[in-house]
Amino acid sequence: MNYDIEVDNISKQFVKPDVQALEDINFNVKTGSLFGLIGADGAGKTTLFRILTTLLLADNGSAKVHGRDVVKDFKILRSLIGYMPGRFSLYTDLSVEENLQFFATLHKTTIEAGYHLIKDIYRQIEPFKNRRAGQLSGGMKQKLALSCALIHQPKVLFLDEPTTGVDAVSRKEFWNMLKNIKNQGVTILVSTPYMDEAVLCDEIALIQNGKILSIAPPSTIIAQFPDVLYSVSGSQIGKLLEDVSKFQDIKSCFSFGDTIHVTLNQGDIKGLQKELIQRGHPEVVIDTIVPTIEDCFIRLMQ
Amino acid sequence: MRVLLALLKKEFRQIRRNRVLAMMIVMLPVIQLTILPLAADYELKHIKLGIIDDDHSTLSQELTNKIMSSGYFNLVDVGQSYTQGLEQIERDKVDLLLEIPSQFSQNLHKKGTESLSISANAINGVKANVGSVYLTQILQSYNVEMLHKLIPETMYANSGAILTSSRYLFNDNLKYPPFMVPGILALLVTMIGGYMSSLNVVKEKEMGTIEQINVSPIKKYQFILGKLIPFLIIGFVVFSIGLFIVARGVYGIVPRGSYLLIYSYLFIYLIAILGFGLLLSSFAETQQQSMSITFFFMMIFILMSGLFTPIQSMPEWAQWIAAFNPVTYFIKVMRMVVLKGSTFMDIRRYYLIMVAFGIVLNTLAIWRYKKTID
């Protein structure tokens with residue numbers, strides 16, 4: 001098996017403020033796969049991205065991207081990777097086309113040479129190619145940023161929270177685009193705080209406080225969920241959560257949308273239902289459900 | 001080369017689209033260079049003079065008329081006594097008091113000597129100083145006239161009095177614009193070079209665009225050149241507008257020395273100043289910080305450059321600061337070449353100093369600009 005990203009014991013500590021941003025990070029990304037880095041804000045995702053894109057030096061450990069060391073071979077690496085930072089960072093006072101042209105030239109290539117890779121994305125913003133990048137909508141900005149990161153046909157693409165602050169429809173569209181890019185042979189590392197996007201990846205790493213909790217394909221992570229998961233719903237969700245947590249056999253409980261997800265240490269779920277009815281929730285409904293990635297993540301975090 | 005061209009194209013597009021900036025580049029030299037030399041005029045006029053004439057003779061009247069005809073003074077009524085006159089000084093109604101004693105005319109005729117008293121309000125030191133000098137000069141020339149009148153020609157010839165007459169070299173009428181314009185022009189170029197280059201780089205940091213530049217395979221020197229060249233060109237444009245349109249068109253100042261010398265010095269100077277701007281930008285994360293840091297240095301550079309006050313009259317420590325101020329040398333060279341027509345041999349020392357500034361500042365700037373951000 002070939003790997004396009006190999007991360008070996010990477011650690012990074014910041015002095016001001018004193019934060020252990022990354023602690024012994026290890027993972028590999030298979031060539032041509034879509035790998036997701038899932039974690040809340042401040043988990044260390046961006047720091048890891050900056051180390052892998054040669055913008056930041058790690059304190060310990062080493063990493064290779066497309067077989068090249070991120071420290072020693074940073075010069076060669078910079079023409080092999082594409083990076084889309086979390087913050088929109090193109091020239092707002094240049095037009096769509098001028099931005100694309102500029103980044104193509106910086107990589108010593110032309111729009112035409114890389115057009116096949118971006119045509120599905122760029123076609124959607126091409127009608128606005130003379131508009132200043134600063135005047136584009138959020139979704140269009142993101143498409144332009146992706147086009148600019150891809151124009152030099154990188155082997156590995158790094159996307160740091162590409163869908164943060166983007167509407168649900170555009171997010172879906174965006175993930176379809178990623179699938180197409182992957183199918184053209186580009187290895188993709190994407191980070192996201194959205195759990196629903198995790199299942200769209202070939203493999204995911206759950207990251208929290210600079211540590212990786214679990215690495216596996218999403219289906220494996222879900223299959224590894226050890227308990228039976230119940231969903232409890234009722235009319236007074238606030239009081240219901242309080243009463244559920246008072247039940248003696250509760251292993252975990254947390255609100256999940258308008259329901260409560262519950263696992264038990266032992267005993268029967270009927271006992272919980274009885275008690276809840278006694279406590280004044282006659283309408284309570286309890287179902288057994290298949291856990292989602294979010295359930296797995298919350299379990300791992302505890 | 002193609003990469004560098006793309007960087008330059010991008011830079012000029014951004015400047016052109018930034019209306020305020022584009023306006024500043026054209027209007028700054030025209031407006032500032034037209035207004036500032038007129039305002040920064042050390043020639044004092046309208047000095048408020050009170051004359052206490054205790055003599056009331058034709059002679060004292062003659063003296064008063066002579067003083068007033070000089071055009072420097074406005075006569076203010078201060079009453080009849082010296083004490084009254086001092087009160088007027090306290091109220092800031094008068095800058096200068098001249099007291100003509102009661103026996104003035106008589107004593108002058110009898111004894112051949114008499115003394116006058118001048119009192120000056122030294123709240124404004126320049127006004128007091130310059131005003132008394134003007135007044136003393138007028139009195140001296142009146143003195144000579146009196147000698148002619150009172151003493152027979154033959155005796156006068158033997159009296160051995162020393163007469164001084166001055167001639168102002170390189171600026172015949174001691175006009176201020178020829179003195180100020182080259183200096184202010186030097187300052188304008190400094191402001192543009194220092195502020196614009198540092199703000200520009202910091203803006204890339206603030207907008208996050210530098211991240212995208214950093215992950216691309218662009219070389220360090222390409223990035224630096226991409227930032228230096230546009231402002232080098234803008235500096236030349238601003239300087240030329242100032243030199244040809246304002247200095248020549250408005251003030252009729254034509255450099256006596258060679259244009260090649262002026263422009264070659266400008267070139268080296270701009271590289272040094274732009275290097276300084278780039279160096280400062282590496283210490284700032286936001287444009288606001290960059291403005292504050294640059295402002296701090298610009299104030300020192302401007303006030304300690306010898307533009308307004310001669311460096312020779314500064315205390316020794318201040319002279320040392322001025323010696324490490326690149327603006328000092330550019331102003332000096334500008335004045336020498338424009339007013340005096342100095343040649344390369346005259347300014348070669350300043351040439352070498354500026355080359356040294358350029359090398360040191362740019363080396364530091366390149367060293368500070370790291371592609372891998374820590």
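Q: Before we look at any residue, what does "buried" mean here?
A: Buried means under 20% relative accessible area, while exposed means over 50%. Keep in mind that this is a predicted model. Now take Val337(B): at 1% relative accessibility, Val337(B) counts as buried because it falls under the 20% cut-off.

Q: Where does Val337(B) sit, and what does it touch?
A: You'll find Val337(B) in helix H14 of chain B, which spans residues 326-340. Skip the residues up to four places away in sequence, and Val337(B) touches Pro255(B), Arg256(B), Gly257(B), Ser258(B), Leu261(B), Ile262(B), Ser342(B) and Ile347(B). As for Lys175(B), 162 residues from Val337(B) along the chain, the two C-alpha atoms are separated by 17 Å.

Q: Let's try chain A. Is Leu240(A) buried or exposed?
A: Leu240(A) counts as buried, with 0% relative accessibility. Its home is helix H9 of chain A, residues 237-245. Leaving out neighbours within four places in sequence, Leu240(A) is in contact with Val232(A), Ser233(A), Gly234(A), Ile260(A), Leu276(A), His281(A) and Val284(A). Val71(A) is 169 residues away from Leu240(A) along the chain, and their C-alpha atoms are separated by 54 Å.

Q: How many residues of helix H3 of chain A are buried?
A: Helix H3(A), residues 96-106, is mostly covered, with nine of its 11 residues buried. Those are Val96(A), Glu98(A), Asn99(A), Leu100(A), Phe102(A), Phe103(A), Ala104(A), Thr105(A) and Leu106(A).

Q: Which helices do the buried residues of H3(A) pack against?
A: Both chains contribute partners. From chain A come helix H4 (111-125) and helix H5 (138-150), and from chain B come helix H1 (2-17) and helix H9 (209-214).

Q: What backbone feature turns up just after H3(A)?
A: Look at Lys108(A), where phi is positive at about 55°, although Lys108(A) is not a glycine. The residue belongs to the loop between H3 and H4 of chain A. Lys108(A) is exposed, with a relative accessible area of 53%.

Q: What is the phi of Glu161(A), and where does that residue lie?
A: Glu161(A) isn't a glycine either, yet has a positive phi of about 45°. Glu161(A) lies in the loop between strand E7 (156-160) and helix H6 (168-183) of chain A. This one counts as buried, at 14% relative accessibility.

Q: What describes two packed helices?
A: You give the angle between their axes and the distance between the axes. In chain B, helix H8 (residues 177-207) and helix H11 (residues 259-281) pack at an angle of about 35°, and their axes are 8 Å apart. H8(B) passes H11(B) in a right-handed crossing. On the H8(B) side, the contact residues are Ala186(B), Val189(B), Thr190(B), Gly193(B), Gly194(B), Ser197(B), Ser198(B), Val201(B), Val202(B) and Lys205(B). H11(B) supplies Leu266(B), Tyr269(B), Leu270(B), Ile273(B), Leu274(B), Gly277(B), Leu278(B) and Ser281(B).

Q: Why should I look at residues three or four places apart in a helix?
A: An α-helix has 3.6 residues a turn, so residues three or four places apart point the same way. With that in mind, go back to H8(B), where Ala186(B), Val189(B) and Gly193(B) are among the residues making the contact.

Q: And chain A overall: how many helices and strands does it have?
A: Chain A has 11 helices and 14 strands. Of its 302 residues, 51% count as buried. Among contacts in chain A with a separation of 6 or more, 68% come from residues 24 or more positions apart.

Notes. Residues numbered from 1 in each chain as written. Chains lettered and ligands numbered in written order. Predicted model: local features only at pLDDT ≥ 70, side-chain atom pairs only at ≥ 80, totals over all residues. Heavy atoms only, no water. Helix = DSSP H or I, 4+ residues; strand = E, 2+ residues; numbered from the N terminus. Buried < 20%, exposed > 50% of the residue type's maximum accessible area, 1.4 Å probe, protein only. Contact = heavy atoms within 4.5 Å. Axes fitted to C-alpha atoms, helices over the stretch in contact; angles between N-to-C directions. Left-handed = near helix turned anticlockwise from the far one by under 90°.
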